[in-house]
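Me: I have a new structure open and would like to go through it bit by bit. Can you start with the terms?

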Amino acid sequence: MTEIYVDADACPVKEEALKVAYRHDLVLHLVSNQWLRLEVGERINKVVVGDGFDAADDWIAERAGKGDICITGDIQLAARCLEAGAQVMGHNGRPFSEENIGMALAMRELKSQLRDMGEDRGFNASFSGKDRSRFLSALEAAVQQANRR
């Protein structure tokens, strides 16, 4: 059965993920380094991992697999989940895939180097209502696709 894994610490779409999980009666794991203040039901698993570097990422990557859905803004975690056979999407609903993960990893590395040189301050566009709506539609489609497998 499909499970949803959310890299929850900086995730702006936790409520939307909860809605979809409830609608389809799926297990959803909200994984973070700190306690989350969300009222949840019995099929929602709030996981608080230690403060270790990448502890939440490791917890998700060790469990997610074929038929599951992972939600993260972390490109390296996305690559690990794809390798395990999971569907992966960013907070804005854009999917990570075998076809685009290499470019995403390369851009991450390039931006890191530009920040280190002081050429890029790392500002991102603000999260919009359109992003939230796109995410909700994309997650619904991912669940439908997982259920067809």
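Reply: Two strands pair if DSSP finds at least two bridges between them. Helices (H or I, at least four residues) and strands (E, at least two) are DSSP runs, numbered from the N terminus.

Me: And the model itself?

Reply: It is predicted, so local features need pLDDT of at least 70 and side-chain atom pairs pLDDT 80 or more, while totals for chains, interfaces and linings use all residues. Residues are numbered from 1 along each chain as its sequence is written, and side-chain values use heavy atoms, without hydrogens or water.

Me: How many helices and strands does the chain have?

Reply: There are five helices and six strands. In sequence order the pattern is β-α-β-β-α-β-α-β-β-α-α.

Me: Which strand pairs with β1 over five bridges?

Reply: That is β2, and the two run parallel. Within this pairing, valine 6 has leucine 30 of β2 as its bridge partner.

Me: What about β1 and β4, parallel or antiparallel?

Reply: β1 and β4 are parallel, with three bridges between them. Here isoleucine 4 is matched with isoleucine 69 in β4.

Me: Is β1 mostly covered or mostly open?

Reply: Mostly covered, since four of the five residues of β1 are buried, that is, under 20% relative accessible area with a 1.4 Å probe and protein chains only (exposed is over 50%, partly exposed in between). For the chain, buried residues are 43% of 149.

Me: Moving on to helix α2. Which residues of it are buried?

Reply: Helix α2 covers residues 55-63, and its buried residues are Ala55, Ala56, Asp57, Trp59, Ile60 and Ala61.

Me: What covers them?

Reply: The cover includes strands β1 (3-7), β2 (27-32), β3 (44-48) and β4 (69-71), along with helix α3.

Me: OK, then α3. What caps its N-terminal end?

Reply: Aspartate 74 does, through a side-chain oxygen 2.9 Å from the backbone nitrogen of glutamine 76. After α3 comes glycine 85, with a positive phi near 100 degrees.

Me: Which residues of α3 are buried?

Reply: In α3, residues 75-83, the buried ones are Ile75, Leu77, Ala78, Ala79, Cys81 and Leu82.

Me: How many disulfides does the structure hold?

Reply: Zero. A disulfide here would be two cysteine sulfur atoms within 2.5 Å.

Me: Why does cysteine 81 have no bond to cysteine 70?

Reply: Because the sulfur of cysteine 70, the closest cysteine sulfur to that of cysteine 81, is 3.4 Å away, which is too far for a bond. Cysteine 81 has 1% relative accessibility and is buried. Cysteine 11 is buried too, at 5% relative accessible area.

Me: Back to the strands. Where does serine 32 lie?

Reply: In strand β2. Serine 32 is buried, with a relative accessibility of 1%.

Me: What does the side chain of serine 32 reach?

Reply: The backbone oxygen of glutamine 34, at 2.5 Å.

Me: What else does serine 32 touch?

Reply: Leaving out residues up to four places away in sequence, serine 32 touches Ala8, Asp9, Val47, Val48 and Val49. A contact is heavy atoms within 4.5 Å.

Me: Last one: what share of the chain's contacts with a separation of 6 or more comes from residues 24 or more positions apart?

Reply: Those residues account for 50% of them.

Notes: Polar contact = N/O pair within 3.5 Å; in protein donor to acceptor, adjacent residues only side chain to side chain.
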